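Subject: Structure handover

Hello,

Here is the structure I promised to pass on. Please open it alongside this note.

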Amino acid sequence: MTLSKAEIFPRMSEAIIAGDREAARALAEEAAGAGFDLLEVVDKGYLPGLRKVGELWEQGEYFLPELITSAEAMKAAMAVLGPALNRGPAGSRRAGRIVIGTVEGDIHDIGKNLVASMLQAGGFEVFDLGADVKLERFVEKAEEVGAGTICLSALLTTTMAAQKRFIGLLRDRGLRGKYKVLVGGAPASRRWAEEIGADGYAENAVAAVNLAKSLAGGS
Amino acid sequence: MIETRRPKLELLSREFVERIIDEGLTLLERHGVLVENAEALDLLTAAGARVDPSTGMARIGRPIIEAALATAPPSVTVYDRSGGRAFTVGGDEVHFDPGSAGVTLLDHDTRTQRQASAADLAAFYKLTETLEHLHFQSTCLVPADVPSRVADAYRLWLGLVLSEKPFVTGTFRVEGFRPMKDLLAAVRGGESGLRARPLAIFDACPSPPLKWSNLTAQSLVDAARAGVPSELISMGMTGATSPTTIAGTLVQHVAESLSGVAIVQLAAAGAPVIFGGSPSSFDMRHGTTPMGAMETMMIDVGYAQIGKALKLPTHAYMALSDAKVNDAQAGFETGLGAVLAALAGINVVSGPGMLDFESCMSLEKLVIDDGLCAMAYRLIEGVAQRDDPIALGVFDGFRPGQSFLTHPHTRRWYRTEHLPAGLADRDPYEAWAAAGGTTIVDKAHDDVARRLGRYSAPPLAGDLRRDLDGIMSAYARSSGVPAPALPAA
Ligand code: B12
C-alpha cells in the first residue's frame, strides 16, 4: 500500500529531523516509485525537515552530531531523488555544483568534510576530491562536472599559498571568470581571500553554506 | 626530617589504566593501524605484524608491542646547545616549552592577529631565551615570509643561531628531516655526538583515528635511526576523530601511540620516544578543538598516567588557551593547564604563549605564562620541613606582639619558601591606581621590550655559525629557493 502525499511528507521531514538515513532513503524510493512530482517531494517533504534542523541549530538545541547526521540523511534522500530530478526540468533548480578539496601537501580534512556535508545538505551537488589534492585536479573536475564553485581548504601556513597559486592557475587558463573560488581553513582569513583575489572566505561550515548560496545566487 | 611529598595527581585507578591499555592492545591486534609508509610497513611485517599490502593496514600483535616497550628507554636526557646543561625527560620532571607551530601572532597594540614573519619568530626565540621557567625552545611559529619548502629547517636553523636551549620541533616535508638532522649534528660535531647528547625533540602526529601518514611515519623512522627523540602527538578529537568518551579516546590514544613506539623501536631498538599528545574535547557547537577545556586536560592527564605506567617519558599540549586576546580566559585556562600538568608530572609541556586553538602566539602571554610556570614549579616542590622542630624553635623567647619581620628565621627562609610577585599585581589599590592602573598585559608588554633589549646572542663556538649557514643554504639551493637570511632585528 502506498502512502498519500499528506502521509508521506511529514514522515520525510521527521526522518531528516531525526537524522534517520535509512528512513529518508526508503521514503524517497517510495515517492519515486509512486510517481510523485519529485520537486514537490523535496520542497514539501524534505526541505521543511531541513529547515527545522536549521532552526534547532540556531536555537542551540542541536549540535554538530545532530546537524551532520541530518545532513547525511538528506544526502541519502538526494542520492535517490537527485538523478531523477536532474533528468527532469527540475534539474535547473539545483543550487549548483561544487568541487571541494584540501590542497596539495595538506592532509587536514576534518573541517573540509564538515563543509562538504553541509553544502550537500544545503542542496549543492558536491564533488569531494579528498585531501592532498593537486591544484590541477580541481580544475579538471570542475570542468568535467560543470561546477560553478570551487572550494579550497588549507590548514597549514606552508600550504595556504596553494590557494593563491590556484587563483593564478585559473587566470593563466583564462578560467578565472568561470568559477567562484572559496577559501577556508585555520590560516585563511577574509583579508587573505581579498589579498589573493578569491571570491570569499568563511570561518565555519554553516557560514560556508550561506556564502556559497549568496554567491551562487548573485552570479 | 620528614621527607617532602611531591604533590601528585592521578586521575585513573590502576585497574582503569590496565583496562585502557588492554583495550588499546586489542585494538591494535584486531583492527590495526593504517600505515602509509613503505619503510615502516616493512619493519612491521618483518616483526610479524599482519600487514595487508593492498591497504597498508597493519595488525600489530601484543608480542611486538611488548618487545618495543622493553627496549624503549624510560627517560631521555636532552642537552642544551653547548652541551653543558642536561635535562632529564622522564620520571616526574616537568619542562615547559612554548606552544608550537603557531600560524599567527597577536599584535599587542591592535589586539588583532596577523601573519607571523621570520622576525617575529626571532623575537620569540630571544624572549624564550630570557625566560627561566621555559626550559626548552619550540619552533613556535611558521613564518609566512620564508619559502614553505624550507620552512621546517629554517625555523630550526634560526633557533640554533639565536638560542642555547634544547628544541622541540618537527618536519613539514619528508625531505626536511635530513637538513634538520645535519644542523643538529653540526652543533654536536657529528652524528655520534648528537646521538649521545640529543639537542632537539621531533614531534610526529598520527592522523586520528589510527593512521600514520607517510610524512610522520618517515619522521619516526628517520629520527629513530639518528638517535633523535620522537614525541608522539596523538590527537583524538572526542566525537569527531575519536570516541566521544574520555576513556574511549584514551584507548585510541594508547593504540596510536604504542604503534608509534613499535615503529620507532623496530627502526632502531633503544631509540628515545616520548608518549605525548594533543587531543581535545571537540566542541560540538563551534566545530573547534579547545585546548582550554577541562575535559581536554583530563584526557591529557589521563594518558600521561598511562604513559608512566608503560614506563615512557611523557608530553602534553597544556598551559595554553583558546582565548583570542590576553584576557581572563587566557589566564585561567593556561593556569589550570600548567598546574594540572605539573601535578601530573608530565615531562614536556608545550603551550605557554599560545592562544586560539594552537594557532596564535603572543609575546606578552609568553612572559605572563612564564610566571604561571614558576607557580606550578613551586607547587610541585611541595611543603618542606625546613626546621626541626618545625616552628617551636621560632617561638623560643617570643614576646607577645613581636613581629616575625625582624626574626632571623624569616630572613633565613622567605626567599626559598615564597616566590616574588613577578608580573602579578600585588599593589594596594591606591598605589596601583597612582601607577596608571595598568593590567598585567600592559606590564607584560613593557617586560617583553625590556627583555628583548637585554638579550644578546649566546656565542657560537668556532666555525659553527658558518657550518650551520652552509647546511641551510645548501638545502635552500637544492629546494630551488634563495638562501634565507637572518631577519633584520
Ligand atoms: C587535527 C589536526 C591535525 C590532524 C588532522 C587529521 C585530519 N584528518 O584532518 C593531523 C594529526 C593529521 C595533523 C597533522 C599535522 N598538523 Co595539524 N592540526 C590539527 C588541529 C589540532 C585541528 C584541525 C581541525 O581539524 N580542526 C577542526 C575543524 C572542524 O576545523 P577547521 O579545519 O578549521 O575547519 C573549519 C573552518 O576552518 C572552515 N573551513 C575549513 N576548510 C574550509 C574550506 C572552505 C572553502 C571554507 C569556506 C571553509 C573552510 O570550516 C570548517 C568547519 O567549521 C590544528 C589546530 C587548529 N587550530 O586548526 C592543527 C594544525 C593545523 N596542524 C599543524 C601542524 C604543524 C601539523 C603537522 C605539520 C604536524 C607534523 N609535523 O606532523 C601535520 C601536517 C601534515 C600535513 N602535511 O598536512 C599546525 C599548523 C601550523 C602552521 N602554522 O602551519 C596546527 C595549527 C597546530 C599547531 N599549532 O601545531 N594535524
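Below is what I found, starting with the ligand site and ending with helix packing in chain B.

First, a caution: this is a predicted model.

**The metal**

Which protein atom donates to the cobalt atom of the ligand? It is NE2 of A:H108, at 2.3 Å. No other protein donor of the cobalt turned up. A donor here has to lie within 2.8 Å of the metal, and water is not among the atoms, so the site may look incomplete. A:H108 sits in a loop of chain A. That loop runs between β1 (97-102) and α5 (110-121).

**The shell around the ligand**

There are 44 residues around the ligand. The nearest are A:H108, A:D109, A:T157, B:F357 and B:E358. A:H108 therefore appears twice in this account, as the cobalt donor and among the nearest residues. Both chains A and B contribute residues around the ligand, so the site is shared between them.

Which elements of chain A supply at least two shell residues each? They are α5, β3 (149-153), β4 (180-184) and α9 (205-218). The largest share comes from α5(A), with 4 residues.

By class, the shell holds 25 nonpolar residues, 15 polar ones and 4 charged ones.

**Polar contacts to backbone**

Three contacts are worth a look on screen.

- A:I110: a polar backbone atom lies 3.4 Å from an oxygen atom of the ligand.
- B:A101: a polar backbone atom lies 2.9 Å from a nitrogen atom of the ligand.
- B:E358: a polar backbone atom lies 2.6 Å from a nitrogen atom of the ligand.

B:E358 is also one of the residues that come nearest to the ligand.

**Helix packing in chain B**

Now turn to chain B. Helix α8(B) covers residues 214-226. Its axis and that of α9(B) come within 8 Å and cross at roughly 45°. That makes α8(B) oblique to α9(B). The crossing of α8(B) past α9(B) is right-handed.

α9(B), residues 246-267, also packs with α10(B), residues 294-309. The angle is about 45° and the axes are 10 Å apart. Parallel or oblique? α9(B) and α10(B) are oblique to each other, because angles under 35 degrees would count as roughly parallel. α9(B) passes α10(B) in a right-handed crossing.

**Where to start**

I would begin at A:H108 and the cobalt. Then go on to the backbone contacts at B:A101 and B:E358. The chain B helices can come last.

Best wishes

Note on methods. Residues are numbered from 1 along each chain as its sequence is written. Chains are lettered from A and ligands numbered from 1 in the order in which they are written. This is a predicted model: local features need pLDDT of at least 70, side-chain atom pairs count only at pLDDT 80 or more; totals for chains, interfaces and linings use all residues. Side-chain values use heavy atoms; hydrogens and water are left out. Donors are N, O and S atoms within 2.8 Å of the metal (3.2 Å for Na, K and Ca); water is not among the atoms, so sites may look incomplete. A residue is near a molecule or strand if one of its heavy atoms lies within 4 Å of it. A polar contact is a pair of N or O atoms within 3.5 Å; within protein, one must be able to donate a hydrogen and the other to accept it, and residues adjacent in sequence count only if both atoms are side-chain atoms. Ala, Val, Leu, Ile, Met, Phe, Trp, Tyr, Cys and Pro count as nonpolar, Asp, Glu, Lys and Arg as charged, and the others, Gly among them, as polar. Axes are lines fitted to C-alpha atoms, for helices over the stretch in contact, and angles run from 0 to 180 degrees between N-to-C directions. Angles under 35 degrees count as roughly parallel, over 145 as roughly antiparallel, 65 to 115 as roughly perpendicular and the rest as oblique. A crossing is left-handed if the near helix is turned anticlockwise from the far one by less than a right angle, and right-handed if clockwise.
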